[in-house]
Amino acid sequence: MRMSRRSLLAAGTAAAALTPLPAGAAVRAANPGTRLRTGFERLAGDGYARLGGGHVGIVTNPTGVTRDVRHIVDVMHADTRVDLTAVFGPEHGFRGTAQAGGSEGRYDDPATGLPVYDTYLKSGQALADIFTASGVDTVVFDIQDVGARFYTYIWTLYDCMEAAQLAGKRFVVLDRPNPVTGRSAQGPVLHQEFATFVGRRPIAQAHGMTVAELARLFNGEFLTAPVELDTVLMSGWSRGEFYDASGLPWVPPSPNMPTADTALVYSGTCLFEGTNLSEGRGTTRPFELLGAEGLDGRWAAAAGELDLPGVHFREAYFAPTFSKFQGRTIGGVQIHVRDRAAYEPVRTGIALLVTAKKAWSGFAWRPDNWIDKLTGSTLVRTMTDAGAGTDEVVAAWQDELEAFRRVRKHYLIYK
């Protein structure tokens, strides 16, 4: 991964005007007991002055809420200090009515009358044309991320930054916590030839960053030309905090991310989307329940023998109400995280793939090799097929992970 001369320059131009913090500098969390304030809370607290006037559009979804669960679009629309004129909906839609792989299309929001434009699967000039047609001067982004490379909202962020630059719009990111902490980056790094909407650029599978930090990294490392970027940072957030320490309500960012516990395992067990096993969609515990017809307690026993840190595996049986094995009772495991500080989600996901392949003769990858898109290369699939153990697979990506960590550290904001 390259470290460009503009890496530190682009990250600190307009962003520095919003806060006294230069890019790459570390912000010490507020004193213990100080309530966390999100980027939106700080923006509204300043009377939206940082938006600089003009027409404003916002990229958001149901997670764009205040701590008393009012949607920020409703709040901004009712406030005469800001001229909110458009909303841009990502995957699942602005109001969150669509399932995975869907969106809400173009419509007028019944609650506010604002035009809602669909950004899902749009990028480049096509998305820039939407921003131009909307008539906005500034594009704001406020969506809760979950910390995994293949969660599409961070690539909506990337695509919207690129499109805003092409359309000559300012771009403002309102920061929210990484719910699984920002302590470290884990997992394989995407190889560029495997770039898709579940991974546009070479970052780690569990990136350990906030959306504002990612925006600065995107601007400094990956965009062909940097956008005029402003970041409204949080106050009172520490890198080592899990979501429940924030005092913020959890709103599911997508239909199969019902709790912050789901986010804790997701960066590892989402890999099962690339197999013929159920990843728990259609259950009340997606990504914590995994299984297939023909699996039994031998899988949980094999995973348990690995003595992975911070986790237990329970033999489980369940019948998904939709997606793989709909309406059929299947066997597998439920992941029980007992020590989330010690838990390693990506290593655990690899261990479960390795043991599932050994425990079940019916194990197969998706025919389109979707696992390569999720992991970012052929490494996980080919090593697992060759009989490699968990430690061997994890060791194989350490050099590229360390290279990413060296770049990442220049964009970390919070202590």
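This is a short selection-by-selection tour of the structure above.

Before you click, note that this is a predicted model, where local features need pLDDT of at least 70, side-chain atom pairs count only at pLDDT 80 or more, and totals for chains, interfaces and linings use all residues. Residues are numbered from 1 along each chain as its sequence is written, and side-chain values use heavy atoms, with hydrogens and water left out.

**Stop 1: the sheet**

Switch to cartoon view. Helices (H or I, at least four residues) and strands (E, at least two) are DSSP runs, numbered from the N terminus. Look for an open sheet of seven strands in the order 3-4-2-1-5-6-9, with mixed pairing. Strand 3 (107-108) and strand 9 stand at the edges with a single partner strand each, so one side of each has no neighbour in the sheet. Two strands count as paired here if DSSP finds at least two bridges between them. In general, strands of a sheet pair through backbone hydrogen bonds, either parallel or antiparallel.

Now select residues 55-60, which are strand 1. Five of its six residues are buried; buried means under 20% relative accessible area, exposed over 50%, and partly exposed in between (1.4 Å probe, protein chains only). Add residues 83-89 for strand 2, which pairs with strand 1 in the parallel sense over five bridges. His55 has Asp83 of strand 2 as its bridge partner. To get from strand 1 to strand 2, the chain passes through helix 4 (residues 72-77), and this β-α-β crossover is right-handed. Right-handed means that, with the strands pointing away from the viewer, the path from the first strand over the helix to the second runs clockwise.

Next, add residues 138-142: this is strand 5, joined to strand 1 by five bridges and running parallel to strand 1. Zoom in on Val56 and you'll find Thr138 of strand 5 opposite.

For a contrast, go out to strand 3, which pairs with strand 4 in the antiparallel sense over two bridges. Tyr107 stands opposite Val116 in strand 4.

**Stop 2: around strand 4**

Show the side chains of Arg106 and Tyr117. Arg106 lies over the face of Tyr117, at 4.9 Å from the ring centre. The rule for a charge over a ring is NZ of Lys or CZ of Arg within 6 Å of the ring centre and within 35 degrees of the ring normal.

Then select Leu121, in the loop between strand 4 (115-118) and helix 5 (124-134). Leu121 is not a glycine, yet has a positive phi of about 65°. Leu121 is exposed, at 58% relative accessible area.

**Stop 3: helix 6**

Select residues 153-167. Helix 6 has 15 residues and reaches 20 Å from its first C-alpha to its last, close to the 21 Å expected; the expected span is 1.5 Å times one less than the number of residues. Twelve of its 15 residues are buried, including Trp155, Cys160 and Met161. What covers the buried residues? Among the elements that do so are strand 1, helix 5, strand 5 and helix 7 (211-222). Contact here means heavy atoms within 4.5 Å. Just past the helix, Gly168 takes a positive phi of about 70°.

While you're here, show the rings of Phe150, Tyr151, Tyr153, Tyr266 and Phe287, which form one aromatic cluster. Rings of Phe, Tyr and Trp (its six-membered ring) pair if their centres lie within 6.5 Å.

**Stop 4: helix 10 and its surroundings**

Select residues 345-359 for helix 10, which also has 15 residues and a 20 Å reach from its first C-alpha to its last. Eleven of its 15 residues are buried, among them Pro345, Gly349 and Leu353.

Step back to Ala341, in the loop between strand 12 (330-337) and helix 10. Ala341 is partly exposed, at 47% relative accessible area. Leaving aside its neighbours within four places in sequence, Ala341 is in contact with Arg183 and Phe242. Arg183 is 158 residues away along the chain, with 9.8 Å between the two C-alpha atoms.

On the other side of helix 10, select Asn369, in the loop leading to helix 11 (370-375). Asn369 has a positive phi of about 55° although it is not a glycine, and is partly exposed at 26%.

Last selection: Thr390, in helix 13 (residues 390-396). Is Thr390 buried or exposed? Thr390 counts as buried, at 10% relative accessibility. Not counting residues up to four places away in sequence, Thr390 touches Leu306, Arg347, Ile350, Ala351 and Val354.

How values were computed. Phe/Tyr/Trp six-rings, centres within 6.5 Å; stacked < 30°, edge-to-face > 60°.
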